[in-house]
Amino acid sequence: MKKRSWLKLGSLLLAVAMFTGCGSTASNESAPQTDTPKTETQTEPAKSDEQVTLKYYNWDNETMGATTSSLIQQFEAENPNIKVESIPLVPGNSTETMKKLDIMISSGDQVDLMLFPNLEETMARASQGVLASLDDFYAKDNINPEEEYYVNPKYQGKSYAAMNQRGLWFIMLNKDMLDAAGLPVPTMGWTWDDFREYAKKLTKGEGNDKVYGTYFHGWGDYANPILFNERKNPFQKEDLTPQFDDPSMKYFFELRRTMEKDDKSVKPYADVIGAKLAYRTEFFNEKAAMLTTGTWMVADTANIEQYPHKFKTAFAPVPRSSKDAEEGLTSIGGQYISISENSKYKDAAYKFIRFVTTNTSDAKKELSGWKKADDKKIIEGTIAAHPELFDKESLFNALFDPKIKSPGASEVAVAYGSQLKKVLEDGFSQFILDNTTAEDAMKTMMEQANKIIKDNTK
Amino acid sequence: MNESSKGAARLTRAGERSFWNNERKEALAGWLFLAPEFLGMLFLYVFPVGFSLYLSFCDWNLVGGLASIKFIGLDNFVAMFEDKKVLLSLKNNLIYTVFTVPIGMALSLLLAVVIHTRVFFQSYFKVAFFIPYISSIIAVGAVWSALYHPSQGPINQFLMRLGISDPPKWLADTTYSLPSIIIIAIWAGIGYQIIIYLAGLTNIPDDVYEAASIDGASSTQQFFKITMPLLTPTTSFLFITLLIGSFKVFDLVAFLTAGGPNDSSTVLVYRIFEEGFRNYKMGYASALSWLLFAIVGLVTLITWKFQNKKEI
């Protein structure tokens, strides 16, 4: 008898433990629900003696991580009561990081600060109401964000992120190969037709040793860079209708086919996606003489531990679509930092955002998103380790030519930009792999884009 | 059970007859012992399944948190039959199943018989064919994507030597991406099927074959009249598991082609992944996973019925 009652008691205890266990998970699950409607900035005022720890999510690899930890050290020295924990979710991979981050937010984990790789990802979160608006903080500090940052991501009139880093497109050229072919570094105002000629002249060799004139990566950005550099929004017009019937589409698609099939000056698209090539290796291993890319590659060029190479790199602005097009247009993208709507320490988080975005110490290696930063000094610092690898004059021209500007701020702020980008990538695959006409590909793309837009606006 | 309850009843003292007699008490103890397991089941299986069924009637953007779940009735189920990508993925799934299951089974049966009867170093061959099955599918995929390389891969180099000037671009080809994946899937799965078949073959007694050859049956006759019929249980086991497995193919597609190029190799599970975790349409993705459940359930039921009839 005694034995049995012990068993019963034991099992009862177990059951109770189970139930309480479940009970607490259940209350955890409902936590974000009750938190979300609290839109007002009801943050606990950060008392000077109170210790808070902010969790900052990003995708830092080793290079970026060094910058971040140096910035955090400086910040913690100035603000001893705030600790910042930097958590790279998937180092070096922003796409996967975004997926993990979404799951963490929707499951109610502590997320205070997050970094976004581009405007689309920022807008997608802003439209879902998971970001806190920065307007009240700006107002409190008497700051006009338009005077502070190059781009202020706005959803329904409110700012939701501060620009941490600015990026623009340029062409990287292998200066040694350029010299061997007797070509000058291209300058502002050159066109994609000139680009094609350069690629043709820079192509040499056969088989495994072949050096291609240029390399186009598998991303939608390379299917038609004109959309990205010379239109306000790459995929949509201001009235939200898709832009895949743009005249530049046919021109660039056909340019890519000519370069691949006739000039043989670019690695076939099938090889790019079939072998999952990496664009950094193609350029730094001298498999391609030119590369269309962006400012983040400046730091990589100086990083010869990770990308060993000995040649000098020259830089040129993005080619324009034709001789009549405006000079110097490039898409000015960037990385943005936001505060989570569910953060309990919004004031501290805002402090950190301002500190990081306006910091001008040596730790910063990329162009700043802050208008008042001395970008030239930052770039000098970035290339200081290996100045012999840079053609400095062309680099500064490609980055700081006064003619460089973005095609204008777009009012288009949608959450489905990445789906439209996939339409562009699929359409280009269809065109180049199935040998359809540009018109057919454009027609399919328009249909798919219209469907996506319709599904998302009902 | 009966014996023990009688024993328990004998132990009961008079005057203690309340609602909680010993039988009930024991039952309660039993249930409590089972409770952790059942609760685990409830929260790990029943709750998610029920939740996904509910979600399939909702519109839910994953990023928006639980608050953004919106009930929309049957809209998801209506939309999926008008969704060209879903229909394409169903077609691809069907092609994948029709090719991987029969070809894989036929090949593995053939190889199993050959290994079983006419080869020295049996165990070597068993291991050789089994290695792809135990290797990580990602490693296998990486090796194959090197073999499939459109211009420098060994396969296309060989084809070009043979004089084919424009060989298929395999994984980077809108026509050949799915066949390329099917070939890898058959190759990687065959080891497991061979092992199962070999087990079946060793269970067939040798004297049956002896008697048959004394009666003058050729080896072809022996194969069709003895080996095949006696392997029926093995065959039907493999058939059902492979069939179900083939509908759930995901890893190879996700790693090698990501459903592309131009969605030519997309399959249903990959669509579920893409709608749910790329486009954040959790409701739609849940509806699609219930479509998958319905298909797999239906196929299993049909094969089951068919099989039971045969065995009786």
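Chain A contains 19 helices and ten strands. Helices here are DSSP runs of H or I with at least four residues, strands are runs of E with at least two, and both are numbered from the N terminus. The model is predicted: local features need pLDDT of at least 70, side-chain atom pairs count only at pLDDT 80 or more, and totals for chains, interfaces and linings use all residues. Residues are numbered from 1 along each chain as its sequence is written, and chains are lettered from A and ligands numbered from 1 in the order in which they are written.

**Exercise 1. Burial and contacts in chain A**

Task: State what share of the 458 residues of chain A counts as buried, and what share of its contacts with a separation of 6 or more joins residues 24 or more positions apart.

Solution.
- Start with the cut-offs. A residue is buried if 20 or more other C-beta atoms lie within 10 Å of its own, exposed if 12 or fewer, and partly exposed in between, with C-beta atoms placed from the backbone.
- By that count, 43% of the 458 residues are buried.
- Two residues are in contact if their C-beta atoms, placed from the backbone, lie within 7 Å.
- Among contacts with a separation of 6 or more, 78% come from residues 24 or more positions apart.

**Exercise 2. The two domains of chain A**

Task: Give the bounds of the domains of chain A, then describe the side of domain 1 that touches domain 2.

Solution.
- Domain bounds come from an automatic or database domain assignment. Domain 1 of chain A covers 52-167 + 333-383, and domain 2 covers 169-332 + 395-413.
- Their centres, taken over C-alpha atoms, are 28 Å apart.
- Domain 1 of chain A brings 16 residues to the contact, and domain 2 of chain A brings twelve residues.
- On the domain 1 side, strand S6 (162-174), strand S10 (332-339) and helix H16 (375-383) of chain A each supply at least two residues.
- H16(A) gives the most to that side, with four residues.
- Sort the residues by type. Ala, Val, Leu, Ile, Met, Phe, Trp, Tyr, Cys and Pro count as nonpolar, Asp, Glu, Lys and Arg as charged, and the others, Gly among them, as polar.
- The domain 1 side then has seven nonpolar, five polar and four charged residues.

**Exercise 3. The H18/H19 pair**

Task: Work out how H18(A) and H19(A) are oriented, and which residues meet.

Solution.
- Two packed helices are described by the angle between their axes and the distance between the axes.
- Axes are lines fitted to C-alpha atoms, for helices over the stretch in contact, and angles run from 0 to 180 degrees between N-to-C directions.
- The axes of helix H18 (residues 417-433) and helix H19 (residues 438-457) of chain A come within 9 Å and cross at roughly 160°.
- H18(A) is therefore roughly antiparallel to H19(A). Angles over 145 degrees count as roughly antiparallel, under 35 as roughly parallel, 65 to 115 as roughly perpendicular and the rest as oblique.
- The crossing is right-handed. That is the term if the near helix is turned clockwise from the far one by less than a right angle, and left-handed if anticlockwise.
- H18(A) contributes Gln419(A), Leu420(A), Val423(A), Leu424(A), Gly427(A), Gln430(A) and Phe431(A).
- H19(A) contributes Ala438(A), Ala441(A), Thr444(A), Met445(A), Gln448(A), Ala449(A) and Ile452(A).
- This contact holds nine nonpolar, five polar and no charged residues.

**Exercise 4. A largely enclosed helix**

Task: Find which residues of H4(A) are buried, and what they pack against.

Solution.
- Helix H4 spans residues 119-127 of chain A; eight of its nine residues are buried, so H4(A) is largely enclosed by the rest of the structure.
- The buried residues are Leu119(A), Glu120(A), Glu121(A), Thr122(A), Met123(A), Ala124(A), Arg125(A) and Ala126(A).
- They pack against helix H3 (94-106), strand S3 (113-116), strand S4 (154-155), S10 and H18 of chain A.
- Just after H4(A), Gly129(A) has a positive phi of about 75°.

**Exercise 5. Positive phi outside glycine**

Task: Decide whether Lys264(A) and Trp170(B) are buried or partly exposed.

Solution.
- Lys264(A) is not a glycine, yet its phi is positive, about 50°.
- Lys264(A) sits in the loop between helix H11 (247-262) and helix H12 (269-274) of chain A.
- Lys264(A) has 15 C-beta neighbours inside 10 Å, so it counts as partly exposed.
- Trp170(B) also has a positive phi, near 50°.
- Its loop runs between helix H7 (154-161) and helix H8 (177-202) of chain B.
- Trp170(B) has 25 C-beta neighbours inside 10 Å, so it counts as buried.
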